[in-house]
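The exercises below are meant to be worked through with the sequence and the 3D view side by side. Try each task before reading the solution that follows it.

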Amino acid sequence: MLKGQDIALVMKIMVSQQLGRPLEYAVLAYELYISQSEVSKGMLRLEKAKIISRYPDKGLEVHKHALFEMLVHGLKYFMTAELNIEQRGTLTAYSSPCIKQKIVNQHTYVWPYINGQDKGISLTPLYKTLPKALDRFPDESFHELMSLLDLMRLGGSREIKIASEMLEKKIWA
């Protein structure tokens with residue numbers, strides 16, 4: 001069964017491939033704030049779920065159709081959104097700069113993080129160290145993808161439709 005960090009891993013892989021960056025386990029581990037062994041285990045889980053394929057000569061291939069289908073139709077069921085008290089943290093979901101332009105919401109949502117710059121309703125991130133990862137290695141494209149996934153976890157049908165359209169554009173960019 002996939003973990004939240006596996007979803008983050010495949011999103012980071014896609015961003016790295018789109019930018020032409022190398023896909024070394026050590027780099028992925030550093031940027032995601034997880035261990036190299038967790039990257040390795042995550043790759044195996046993603047491969048077993050048929051989200052990625054690894055080839056000795058070609059490298060890594062992300063099966064974008066399978067990924068998109070899983071995210072749009074399954075994410076909110078197996079990675080449910082958990083809201084908590086107002087805390088300091090990193091902006092996500094409706095409050096993320098990329099989404100704020102498209103959907104207006106009266107609440108501010110954050111991933112809880114002690115060094116966060118904003119205060120809002122805390123939303124449990126897909127994996128525990130996600131806010132630390134974005135603090136250590138700020139990556140706007142990755143942050144945007146993860147915020148879209150949170151919007152899909154948290155939102156109603158209108159928000160899910162908007163998020164999936166935005167996600168589709170990002171995946172096939």
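**Exercise 1. Decide whether Ala93 is buried or exposed, and describe its surroundings.**

Solution. Ala93 has a relative accessible area of 0%, and because buried means under 20%, this residue counts as buried. The model is a predicted one, and in it Ala93 is placed in the loop between E3 and H5. The next step is the backbone: phi of Ala93 is near 50°, which is a positive value in a residue other than glycine. Finally, look for a partner from elsewhere in the chain: Asp150, a residue of helix H7, touches Thr92, Ala93, Trp111 and Leu123, if residues up to four places away in sequence are not counted. Asp150 is itself buried, with a relative accessible area of 1%.

**Exercise 2. Find where Tyr33 lies and state what is notable about its phi.**

Solution. Begin with the position, which is the loop between helix H2 (25-32) and helix H3 (36-48). Phi of Tyr33 is near 60°, again a positive value in a residue other than glycine. The relative accessibility of Tyr33 is 32%, and since this falls between the limits of 20% and 50%, the residue counts as partly exposed.

**Exercise 3. Identify the aromatic pairs and classify the geometry of each.**

Solution. A pair of aromatic rings is described by the distance of the centres and the angle of the planes. Applied with a limit of 6.5 Å between ring centres, the search gives two aromatic pairs. In one of them, the ring centres of Phe68 and Trp172 are 5.7 Å apart and the planes stand at 70°, so the pair is edge-to-face. Phe68 belongs to helix H4 (residues 64-78), whereas Trp172 is in the segment after helix H8 (157-171), so the pair ties together parts that are 104 residues apart in sequence. Phe68 counts as buried at 16% relative accessibility, while Trp172, at 36%, counts as partly exposed.

The other pair is formed by Tyr94 and Tyr109, with 5.6 Å from centre to centre and 35° between the planes, and it is classed as tilted. Tyr94 sits in the loop between strand E3 (83-91) and helix H5 (97-100), and Tyr109 in strand E4 (residues 109-112), so that distant parts of the chain, 15 residues apart, are linked. Both Tyr94 and Tyr109 are buried.

**Exercise 4. Which residue lies over the face of Phe142, and at what distance from the ring centre?**

Solution. The residue to look for is Lys12, which lies over the face of Phe142 at 4.6 Å from the ring centre.

**Exercise 5. Describe how H7 packs against H8 and against H4.**

Solution. Take H8 to begin with: its axis and that of helix H7 (residues 140-154) come within 8 Å and cross at roughly 155°. Because angles over 145 degrees count as roughly antiparallel, H7 is roughly antiparallel to H8. The crossing in which H7 passes H8 is left-handed. Among the contact residues are Glu144, Leu145 and Leu148 of H7, together with Ile160, Ala163 and Leu167 of H8.

Now turn to H4, whose axis is 8 Å from that of H7, the two helices packing at an angle of about 60°. That angle makes H4 oblique to H7, and the crossing of H4 and H7 is right-handed. Here the contact is made by Leu71, Val72, Leu75 and Lys76 of H4 and by Leu149, Met152 and Arg153 of H7. Leu149 and Met152 also appear in the contact of H7 with H8.

How values were computed:
Residues numbered from 1 in each chain as written. Predicted model: local features only at pLDDT ≥ 70, side-chain atom pairs only at ≥ 80, totals over all residues. Heavy atoms only, no water. Phe/Tyr/Trp six-rings, centres within 6.5 Å; stacked < 30°, edge-to-face > 60°. Helix = DSSP H or I, 4+ residues; strand = E, 2+ residues; numbered from the N terminus. Buried < 20%, exposed > 50% of the residue type's maximum accessible area, 1.4 Å probe, protein only. Lys NZ or Arg CZ within 6 Å of the ring centre and 35° of its normal. Axes fitted to C-alpha atoms, helices over the stretch in contact; angles between N-to-C directions. Parallel < 35°, antiparallel > 145°, perpendicular 65-115°, else oblique. Left-handed = near helix turned anticlockwise from the far one by under 90°. Contact = heavy atoms within 4.5 Å.
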